[in-house]
Amino acid sequence: MASEYRTAADGRALVLREDIEAAVRSLGVDAGDSLMVHCSLSKIGFVCGGAQVVVEALMHCVGADGTLMMPSQSWKNLDPSSGVHWQEPEEWYEAIRENWPAYDRRITPTNTMGAVAELFRTWPGTLRSGHPARSVAAWGRHAARLTEHHDVSDIFGESSPLGKFYALDGKILLVGVGYDKNTMLHLADVRADYPSKHDVEESSAMLVDGQRKWVSYRTLFVDGGDFEEIGAAFEKECPDAVRRTMLGNAELRLMRARLLVDFAVQWIERNRR
């Protein structure tokens, strides 16, 4: 297709499935890889076929022996007093606690994970972990290993999908998003030692013996306010660790999960109070 027809008057790029595959492969994604993807579909431009062709292209890149993982968090299923229902009046909080649907990995929608992740969680063969608020979805060779036994009190720790993905020496692909969306950094938060680190009590609607229950559990306080700073420092201090290319209007960045997490642990211990 002639290049002059690939950009609209408003600046949006026309992106085809072949463009996605070429860009992802140019970064170093190979068949058999374990790949965690965070994607903003709208940032890419006009993707011909939308989220469907993004998922298809990513699956084709890693192949039948590879693995794809994406966040499928439903964090609205937390106690409203924690701020997740900030738009709603406080007098509704008790009604939310009593009536919010129990997490069901088959049907519970994602919250603000994007169109690609929302479609991916429903894709044939995709599995989803059991955490009521912080689940991931995975497809491929290691999908069962990554999604099984997601303990409510170990949201992002060693036994969580993130800890297992680190053990696989997987790669992280950011598509039109920043490090504030890079979920793997939460594993560094778990591993790091810093003075303000603390647990909190969270609650979610869950199915217990087939019945909806409002269940409370203790877990590490989720802190991602400095993730953009961590990412900027990582790219500055480890410039060869991040590979970049453009896909339409979006920047793609690829990095190894182990390199990022190991760097972030040290950064957090130096900088958080």
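Which residues of helix α1 are buried? In this predicted model, helix α1 spans residues 17–27. Its buried residues are Asp19, Ile20, Glu21, Ala23, Val24 and Leu27. An α-helix has 3.6 residues a turn, so residues three or four places apart point the same way. The buried residues of α1 pack against one helix, α3 (51–62). They also pack against strands β1 (14–15), β3 (46–47), β7 (171–175), β10 (243–247) and β11 (250–256). Just after α1 comes Gly28, with a positive phi of about 115 degrees.

Gly28 is also among the contacts of Lys171. Lys171 lies in strand β7, one of the elements against which the buried residues of α1 pack. Is Lys171 buried or exposed? Its relative accessibility is 8%, so Lys171 counts as buried. The side chain of Lys171 makes a polar contact of 2.8 Å with the side chain of Asp33. Beyond its neighbours within four places in sequence, Lys171 touches Gly28, Val29, Asp30, Asp33, Ser34, Leu35 and Met36. Phe165 is a further contact of Lys171. The list also includes Leu254, Met255, Arg256 and Ala257. Leu254 is 83 residues from Lys171 in sequence. In space, the C-alpha atoms of Lys171 and Leu254 are 6.9 Å apart.

A second buried polar residue was examined in strand β8 (residues 199–208), which holds Ser204. Ser204 has a relative accessible area of 0% and is therefore buried. What does the side chain of Ser204 reach at 2.7 Å? The partner is the backbone oxygen of Asn77. A polar contact, also of 2.7 Å, links the side chain of Ser204 to that of Tyr217. Both Asn77 and Tyr217 appear among the contacts of Ser204 outside its neighbours within four places in sequence. The other contacts in this set are Leu78, Pro132, Ala133, Lys213, Trp214 and Val215.

The cysteines were considered next. How many disulfides does the model contain? The count is 0. For Cys39, the closest cysteine sulfur belongs to Cys61. The two sulfurs are 13 Å apart, so they are too far from each other for a bond; a disulfide would need them within 2.5 Å. Cys39 is buried, because its relative accessible area is 11%, under the 20% cut-off. Cys238 has a relative accessibility of 26%, so Cys238 counts as partly exposed.

Technical notes: Residues numbered from 1 in each chain as written. Predicted model: local features only at pLDDT ≥ 70, side-chain atom pairs only at ≥ 80, totals over all residues. Heavy atoms only, no water. Helix = DSSP H or I, 4+ residues; strand = E, 2+ residues; numbered from the N terminus. Buried < 20%, exposed > 50% of the residue type's maximum accessible area, 1.4 Å probe, protein only. Polar contact = N/O pair within 3.5 Å; in protein donor to acceptor, adjacent residues only side chain to side chain. Contact = heavy atoms within 4.5 Å.
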